[in-house]
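Visitor: Could you take me closely through how the strands of this protein are arranged? I am in my first year, so please explain the terms as you go.

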Amino acid sequence: MLQSKELIKDLGSIKFGKPHIFTFTVKATTPCEITKLVVGCGSCTKATINKTKLQPEENIDINVIFTPGSTGKQTKHITVRYDADSVLKLEFTADVYP
């Protein structure tokens with residue numbers, strides 16, 4: 001099973017069109033294999049990991065680059081698929097200014 005202490009990350013106020021880089025740290029409580037990262041907005045969000053197989057108590061960083069394509073309040077999701085049919089949903093929010 002995967003878990004994260006921070007399921008929702010508030011990026012605060014960020015500038016439109018400027019890439020914002022941040023990380024979610026995820027921990028395995030049992031042996032597991034991450035099979036896919038799904039971003040809610042593929043045109044503005046990229047997510048990567050450097051390892052897919054995790055042992056119990058092992059952490060992995062999910063590195064995210066968010067380049068806002070519109071202004072105002074934004075809420076985006078990253079879905080971590082693992083062990084065939086399990087998911088961990090991570091969310092981030094931002095207030096994007098021009």
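Guide: Let's walk through the strands and their partners, one sheet at a time. A word on the source: this is a predicted model, in which local features need pLDDT of at least 70, side-chain atom pairs count only at pLDDT 80 or more, and totals for chains, interfaces and linings use all residues. Residues are numbered from 1 along each chain as its sequence is written, and side-chain values use heavy atoms, with hydrogens and water left out.

Start with the open sheet built from five strands (DSSP runs of E, at least two residues, numbered from the N terminus), which lie in the order β2-β9-β8-β4-β6 with mixed pairing. At its edges are β2 (8-15) and β6 (53-54), each of which pairs on one side only. Pairing here requires at least two bridges found by DSSP between two strands. Now look at β8 (residues 72-82) and β9 (residues 86-97): they run antiparallel and are joined by eleven bridges. To find one of these contacts yourself, pick Ile-78, whose bridge partner in β9 is Leu-90.

Next, find the open sheet with four strands, ordered β1-β3-β7-β5, where the pairing is antiparallel. Here the edge strands are β1 (2-3) and β5 (45-48), and each has pairing on one side only. Follow β5 to its neighbour β7 (residues 59-66): four bridges link them, again in the antiparallel sense. A handy spot to check is Thr-45, which has Phe-66 in β7 as its bridge partner.
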